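Reader: I've just opened this one and would like a guided look around. Can I put some questions to you as I go?

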Amino acid sequence: ALYAPDGEMDESSDKEFLYPLAEYPVVMQVFETNIPVVVHVDDPHADAMEVCLLLEAKKASNLILPLRVGAHPLGLAELYSSDPKREFRPEEIELARALADQIAIAIENARLYKRLENREAYFRAMFENLAEGVAVLTAEGRFTYITPSEEKILGYAYEDVIGHYFFEIVCPDDLEKAKAAFQTSIETQGD
C-alpha cells in the first residue's frame, strides 16, 4: 500500500493500492507523532476506516508503526493479528518498533545506494565522453581510473595503468617536474 499526502499516485508505481492520508487519521497520527498505535476491530472508539480495513482483511487487530530515519517519515509497518483476544504487550511493541527502525534504516540505505549508483553512472558517462583525458589518482599517485580519451593520450590501455604509479609512465626527463606538480596538487587540494 502507498499512503500519499496529496492523493496522487505515480503511474509507474508498483503499489496495488493508494490510500489518501486525509481519509486515515490514525495513520496520519502515527506519521505526525512517531508513536505506534494499536487498532482493535471490536474497539467502539477505533477509527472507522481502520476497522473497515481490518474487517476486509479478516483480522482482529493491527499494530501500526512509523518507519522513520531521524525526523524524515518513510512509511509504515503494520503487524496484524487474527486472534480477537490478542493484545500487543509493551515489550512486543518496543521490539516491533526496534525492528521498524532497522527496516527504515535499510530502506534509506537502499535509497542512498541507488542514488549513489545513479550519480556514479551519470559522472562516469560524462567523463567517458569527454574529449579531454581525465585520470583519477590516489594520494600516493596510483591510477584508480582513466577515461577512454586518456588511454589514447597516454598510449596505455586502462588495465595496463590501473593500480600503477603515474610516475612509472612519465618520461624520465619530466619525472621530477611531474612529481613536484603532483605533490603541490595534493598539498593544495581543497583550498
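Reader: Okay, starting with the hairpin of strand 4 and strand 5: which residue there takes a positive phi, and near what value?
Author: First, this is a predicted model, where local features need pLDDT of at least 70, side-chain atom pairs count only at pLDDT 80 or more, and totals for chains, interfaces and linings use all residues. Residues are numbered from 1 along each chain as its sequence is written, and side-chain values use heavy atoms, with hydrogens and water left out. Helices (H or I, at least four residues) and strands (E, at least two) are DSSP runs, numbered from the N terminus. Two residues sit between the strands of this hairpin, and the one with the positive phi is Gly70, near 65°.

Reader: How many bridges hold strand 4 and strand 5 together, and which residue is the bridge partner of Leu65?
Author: Two strands pair if DSSP finds at least two bridges between them. Strand 4 and strand 5 (residues 72-81) do so in the antiparallel sense, over nine bridges. As for Leu65, its bridge partner in strand 5 is Ala77.

Reader: Which residue of strand 4 does His40 stand opposite?
Author: Strand 4 also has strand 3 (residues 37-40) beside it, joined by four bridges and running antiparallel. In that pairing, His40 stands opposite Ser61.

Reader: How many residues of strand 4 are buried?
Author: Buried means under 20% relative accessible area, exposed over 50%, and partly exposed in between (1.4 Å probe, protein chains only). Over the whole protein of 191 residues, 26% count as buried. Strand 4 (residues 61-69) is mostly covered, and of its nine residues the buried ones number eight.

Reader: Is Tyr80 buried, partly exposed or exposed?
Author: Tyr80 lies in strand 5. Contact means heavy atoms within 4.5 Å, and, leaving aside neighbours within four places in sequence, Tyr80 is in contact with Leu54, Lys59, Ser61 and Asn62. Its relative accessibility is 41%, so Tyr80 counts as partly exposed.

Reader: Which side chain does the side chain of Tyr80 join in a polar contact?
Author: A polar contact is a pair of N or O atoms within 3.5 Å; within protein, one must be able to donate a hydrogen and the other to accept it, and residues adjacent in sequence count only if both atoms are side-chain atoms. For Tyr80 the distance is 2.8 Å, and the partner is the side chain of Glu78.

Reader: Why do the buried residues of helix 2 line one face?
Author: The buried residues of helix 2 (residues 48-57) are Glu50, Val51, Leu53 and Leu54. Seen down the helix axis, they line one face because they fall within an arc of 160°. That arc is taken from the directions from the helix axis to the C-beta atoms. On the other side of helix 2, the exposed residues are Ala48, Leu55 and Glu56.

Reader: What happens at the start of helix 2, and which residue follows the helix?
Author: At the start, a side-chain oxygen of Asp47 comes within 3.2 Å of the backbone nitrogen of Met49. The residue after the helix has a positive phi of about 60° although it is not a glycine. With 70% relative accessibility, it counts as exposed. That residue is Lys58.

Reader: Where is Thr147, and is it buried or exposed?
Author: Thr147 has its place in the loop between strand 7 and helix 4 (148-154). Its side chain makes a polar contact of 3.1 Å with the side chain of Ser149. Leaving aside neighbours within four places in sequence, the residues in contact with Thr147 include Phe127 and Val134. Its relative accessible area is 0%, so Thr147 is buried.

Reader: Which residue in the turn between strand 6 and strand 7 has a positive phi?
Author: Strand 6 (residues 135-137) and strand 7 (residues 143-146) run antiparallel, joined by three bridges. In their hairpin, five residues lie between the strands, and the one in the turn with a positive phi, of about 100°, is Gly141.

Reader: Which element has the lowest mean pLDDT?
Author: pLDDT is the predictor's confidence in each residue, from 0 to 100. The protein has a mean of 86, but pLDDT stays under 50 over residues 1-14. Strand 3 has the highest mean among the elements, at 95, and the lowest, at 44, belongs to strand 1 (residues 2-4).
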